[in-house]
Amino acid sequence: GLARSRFAYDTSLGAASYLIIDDFTRRWIAENEQERHLAAVAMHTWTVVYHRGEYTVYARPARRAR
């Protein structure tokens with residue numbers, strides 16, 4: 001629900017290279033359906049590149065060259 005003009009760069013999942021999930025994020029997505037859906041897409045299709053304690057980092061699969 002935050003205005004896109006608030007950010008200096010594109011914060012959409014489609015523009016992201018990484019997604020970092022921590023305990024706060026887990027609580028947030030548990031209560032917000034749209035964010036839960038976006039996180040689920042990444043968590044099921046992206047690769048875990050780091051995990052320690054509460055932090056899990058997912059990396060977007062390589063984009064195909066056109």
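# Close-up views of a predicted model

**Figure 1. Aspartate 22 sits in the loop between β1 (18-21) and α1 (23-31).** Everything shown in this legend and the ones that follow comes from a predicted model, so please read each distance as a computed value. Start with the surroundings of aspartate 22: is this residue buried or exposed? Aspartate 22 is buried, and yet no salt bridge is found for it. The nearest side chain of opposite charge belongs to arginine 26, and it is 5.8 Å away. A salt bridge needs a side-chain nitrogen within 4 Å of a carboxyl oxygen, so a separation of 5.8 Å does not qualify. Which residues does aspartate 22 touch, once its neighbours within four places in sequence are left aside? They are Glu54 and Tyr55, and both return in later views.

**Figure 2. Aspartate 23 and arginine 26 are joined by a salt bridge.** Here the closest N and O atoms are 3.3 Å apart. How many salt bridges does the structure hold? It holds 1. Both partners, aspartate 23 and arginine 26, belong to helix α1, where they are 3 residues apart, or about one turn of the helix. Aspartate 23 has a relative accessibility of 34% and therefore counts as partly exposed. Arginine 26, at 33%, also counts as partly exposed. Look back at Figure 1 and you will meet arginine 26 again, as the nearest oppositely charged side chain to aspartate 22.

**Figure 3. Threonine 25 is another residue of helix α1.** Is threonine 25 buried or exposed? Its relative accessible area is 19%, and the cut-off for buried is under 20%, so threonine 25 counts as buried. For a sense of scale, find alanine 3 as well: threonine 25 and alanine 3 are 22 residues apart in sequence, and their C-alpha atoms are 20 Å apart in space.

**Figure 4. Helix α1 packs against helix α2 (residues 33-45).** Two packed helices are described by the angle between their axes and the distance between those axes. For α1 and α2, the angle is about 120 degrees and the axes are 6 Å apart. The two helices are therefore oblique to each other. Which residues meet here? From α1 come Trp28, Ile29, Ala30 and Glu31, and from α2 come Glu33, Glu35, Arg36 and Ala39. Sorted by character, the residues of this contact are 4 nonpolar and 4 charged, with no polar ones.

**Figure 5. Glutamate 54 lies in the loop between β2 (47-52) and β3.** With a relative accessibility of 29%, glutamate 54 counts as partly exposed. Which residues is glutamate 54 in contact with, beyond its neighbours within four places in sequence? The list is Ile21, Asp22, Asp23, Phe24 and Arg26. Take the pair glutamate 54 and aspartate 23: they are 31 residues apart in sequence, while their C-alpha atoms are 5.9 Å apart in space.

**Figure 6. Tyrosine 55 belongs to strand β3 (residues 55-59).** Its relative accessibility is 38%, so tyrosine 55 counts as partly exposed. Not counting residues up to four places away in sequence, tyrosine 55 touches Ile20, Ile21, Asp22 and Tyr50. How far away is serine 12? Tyrosine 55 and serine 12 are 20 Å apart from C-alpha to C-alpha, with their positions 43 residues apart in sequence.

**Figure 7. Aspartate 10 lies in the segment before β1.** At 44% relative accessibility, aspartate 10 counts as partly exposed. Its contacts, leaving out residues up to four places away in sequence, are Arg4 and Ala15. Threonine 47 is 37 residues away from aspartate 10 in sequence and 21 Å away in space, C-alpha to C-alpha.

**Figure 8. Stepping back, the protein has 2 helices and 3 strands.** In what order do the elements run from the N terminus? The order is β-α-α-β-β. The C-alpha trace spans about 35 × 35 × 20 Å along its principal axes. Of the 66 residues, 21% count as buried. Among contacts with a separation of 6 or more, 58% come from residues 24 or more positions apart.

Note on methods
Residues numbered from 1 in each chain as written. Predicted model: local features only at pLDDT ≥ 70, side-chain atom pairs only at ≥ 80, totals over all residues. Heavy atoms only, no water. Helix = DSSP H or I, 4+ residues; strand = E, 2+ residues; numbered from the N terminus. Buried < 20%, exposed > 50% of the residue type's maximum accessible area, 1.4 Å probe, protein only. Lys, Arg positive; Asp, Glu negative; His and termini not counted. Contact = heavy atoms within 4.5 Å. Axes fitted to C-alpha atoms, helices over the stretch in contact; angles between N-to-C directions. Parallel < 35°, antiparallel > 145°, perpendicular 65-115°, else oblique. Nonpolar A, V, L, I, M, F, W, Y, C, P; charged D, E, K, R; others polar.
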